[in-house]
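I opened my notebook to follow one helix and the aromatic rings around it, and I wrote down each thing as I looked it up.

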Amino acid sequence: MIKKAADALIVYGALILHDSRVSERDNANFLDLMEDYFNQSEADLKKDERPELSYQVGVTLENTEKPKCAVDEPCLGIIEALEPFERPLDISAHSPDPKCRFFWRMGDNPPFETQFPTLNAPNVVPAAEFLKEKWTHTMEEWGNAMKSASV
């Protein structure tokens with residue numbers, strides 16, 4: 001099972017799991033939260049960026065990240081081997097990635113000092129009151145559901 005999951009991520013860049021232990025309610029709560037979050041103004045979203053931490057917590061807005069695969073020959077070979085309808089967006093022009101994402105780290109900080117500050121960076125909780133009150137609970141609930149579905 002683990003090898004199949006790893007292969008799917010390598011070949012397709014995505015993995016779909018169905019686990020009956022994950023409730024549709026939890027899924028809907030998470031999706032609703034993300035829709036509400038990304039419906040904020042760009043100025044409000046920018047408050048949650050952490051470029052100094054390589055975007056390893058908080059939001060990464062569209063057209064920020066450049067795909068590493070654009071210059072990686074083995075990766076380009078995998079894309080070339082895919083059927084045209086399975087291929088990702090054309091990255092040959094090295095254009096930045098058009099998607100937004102929010103990175104919420106699961107688990108505790110390392111119990112030791114580290115020379116890698118991103119490992120100890122606190123998660124970002126949006127300032128908007130309508131999000132703040134349910135953010136941590138929903139993110140942890142969904143993250144734990146995803147973790148339990150993958151073991």
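Is Phe-38 buried, exposed or partly exposed? I keep in mind that this is a predicted model, and I found that Phe-38 has a relative accessible area of 27%, which lies between the 20% under which a residue counts as buried and the 50% over which it counts as exposed, so Phe-38 is partly exposed.

**Helix 2.** I then looked up helix 2, which runs over residues 24-38 and reaches 21 Å from its first C-alpha to its last, close to the 21 Å expected for its 15 residues. I noted Asp-26, Asn-27, Phe-30, Leu-33, Met-34 and Tyr-37 as buried in this helix. Seen down the axis of helix 2, these buried residues fall within an arc of 130 degrees, so they line one face of the helix. On the other side of helix 2, I found Glu-24 and Arg-25 exposed. I also checked what the buried residues of helix 2 pack against, and noted helix 3, strand 1, strand 2 and helix 5.

**Aromatic pairs.** My search of the whole structure gave five aromatic pairs. In one of them, Phe-30 and Trp-142 have ring centres 5.4 Å apart and planes at 15 degrees, so I entered the pair as stacked. This pair links distant parts of the chain, since Phe-30 belongs to helix 2 and Trp-142 to helix 5, 112 residues apart. Both Phe-30 and Trp-142 are buried. I entered Tyr-37 and Phe-38 as an edge-to-face pair, with 4.9 Å from centre to centre and 85 degrees between the planes. Tyr-37 is buried, with a relative accessible area of 0%. Finally, I noted that Tyr-37 and Phe-38 form one aromatic cluster with Phe-102 and Trp-135.

Technical notes. Residues numbered from 1 in each chain as written. Predicted model: local features only at pLDDT ≥ 70, side-chain atom pairs only at ≥ 80, totals over all residues. Heavy atoms only, no water. Helix = DSSP H or I, 4+ residues; strand = E, 2+ residues; numbered from the N terminus. Expected span 1.5 Å × (residues − 1). Buried < 20%, exposed > 50% of the residue type's maximum accessible area, 1.4 Å probe, protein only. Arc of directions from axis to C-beta. Contact = heavy atoms within 4.5 Å. Phe/Tyr/Trp six-rings, centres within 6.5 Å; stacked < 30°, edge-to-face > 60°.
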